[in-house]
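Please walk through this fold with me, strand by strand and then helix by helix. Keep the sequence and the 3D view open as you read.

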Amino acid sequence: MMKVYEPIDPHCEIVTIRTVNAPRANAYKAWSDPNHLKIWWGPAGFTNTFHEFEFKEGGKWNFVMHGPEKGNYVNSCEFTDLEYPSLIAWKRYSQPLFRVIVTFEELGPGQTRIISRQIFETEKECNKIRPFVEDKNEENMDRLEKELAGMDAV
């Protein structure tokens, strides 16, 4: 049974919703298998180096996102809730601090709605990155869709 998260103050979260043409199992795999995730994770032009990826509750996800022109962005996360094939959640320990809750809803054969929520402690923290993160999250989902298009059915 999927954990239910209480609604959060909308001023403290950034929500990205995308319906993809892929079975729910494939969408979940694209987020949970580091061989797929490292290919599409991040905005357009970014690449990733994964140092640690323990996909289990309490497991660590440590990686560096490499910007297309400059910058290396260290990310340290811990998986907090995992429920195949409907939920992946983690907490970031690197700045900016936030939690992520991703849900996967089967809409029908070969269609899945993905809802990604970045949840911040305060509205002020959320607003520091909201102006550019919303567009970058859409770029991230565009890259996910390309990865899903090339995946065999799970």
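Start with the pairing of β1 and strand β7, which covers residues 111-119. The two run antiparallel, and eight bridges join them. To find the register, look for T19: its bridge partner in β7 is R113. Bear in mind throughout that this is a predicted model.

Now zoom out to the sheet. Strands of a sheet pair through backbone hydrogen bonds, either parallel or antiparallel. Which sense applies here? The pairing is antiparallel. Seven strands make up an open sheet, and their order is β1-β7-β6-β5-β4-β3-β2. The edges belong to β1 (13-20) and β2 (47-53). Each of these has a single partner strand, so one side of each is left without a neighbour in the sheet. From one strand to the next, the twist averages 25°.

Go next to the edge formed by β2. This strand pairs with β3 in the antiparallel sense, over six bridges. E52 marks the register here, with N62 as its bridge partner in β3. The hairpin of β2 and β3 has six residues between the strands. Within that hairpin, G58 takes a positive phi near 85°.

How enclosed is β3? Five of its seven residues are buried, so the strand is largely enclosed by the rest of the structure. On from β2, follow β3 to its other partner. Strand β3 (residues 60-66) is joined to strand β4 (residues 72-83) by seven bridges, and the two run antiparallel. Two pairs help you line them up. V64 stands opposite V74 in β4. K60 stands opposite E78, also in β4. The hairpin of β3 and β4 has five residues between the strands. Here G71 is the residue with a positive phi, near 95°.

Move one strand further. β4 pairs with strand β5 (residues 87-92), again in the antiparallel sense, over six bridges. F79 has W90 in β5 as its bridge partner. The hairpin that joins β4 to β5 does so through three residues. While looking at these strands, recall a general point: in a regular strand the side chains alternate between the two faces of the sheet.

Now the helices. Where does α3 sit? Helix α3 (residues 123-149) lies across β1 and β7, and runs at about 20° to β1. In the loop between β7 and α3 you will find T122. Its relative accessibility is 35%, so T122 counts as partly exposed. For a sense of scale, take T122 and K146, which are 24 residues apart along the chain. Their C-alpha atoms are separated by 34 Å.

Turn to α1. Helix α1 (residues 24-32) is mostly covered, with seven of its nine residues buried. The buried ones are A25, N26, A27, Y28, A30, W31 and S32.

How do the two helices meet? Two packed helices are described by the angle between their axes and the distance between the axes. The axes of α1 and α3 cross at roughly 115° and come within 10 Å. The crossing of α1 past α3 is right-handed. From α1, the residues in this contact are N26, A27, A30 and W31. They meet M141, L144 and L148 in α3. Sorted by class, the contact of α1 with α3 has six nonpolar residues, one polar residue and no charged residues. Several names recur here: N26, A27, A30 and W31 are also among the buried residues of α1.

Finish with the cysteines. How many disulfides does the whole structure hold? A search finds zero. C12 is in no disulfide, and the nearest cysteine sulfur, that of C126, is 6.5 Å away. Why is there no bond for C126? The sulfur of C126 is 6.5 Å from the closest cysteine sulfur, in C12, and that is too far for a bond. The cut-off used for a disulfide is a pair of sulfur atoms within 2.5 Å. Are these two cysteines buried or exposed? C12 has 9% relative accessibility, so C12 counts as buried. C126 is buried as well, with a relative accessible area of 0%. Buried here means under 20% relative accessible area.

Notes
Residues are numbered from 1 along each chain as its sequence is written. This is a predicted model: local features need pLDDT of at least 70, side-chain atom pairs count only at pLDDT 80 or more; totals for chains, interfaces and linings use all residues. Side-chain values use heavy atoms; hydrogens and water are left out. Buried means under 20% relative accessible area, exposed over 50%, partly exposed in between (1.4 Å probe, protein chains only). Helices (H or I, at least four residues) and strands (E, at least two) are DSSP runs, numbered from the N terminus. Two strands pair if DSSP finds at least two bridges between them. Axes are lines fitted to C-alpha atoms, for helices over the stretch in contact, and angles run from 0 to 180 degrees between N-to-C directions. Contact means heavy atoms within 4.5 Å. A crossing is left-handed if the near helix is turned anticlockwise from the far one by less than a right angle, and right-handed if clockwise. Ala, Val, Leu, Ile, Met, Phe, Trp, Tyr, Cys and Pro count as nonpolar, Asp, Glu, Lys and Arg as charged, and the others, Gly among them, as polar.
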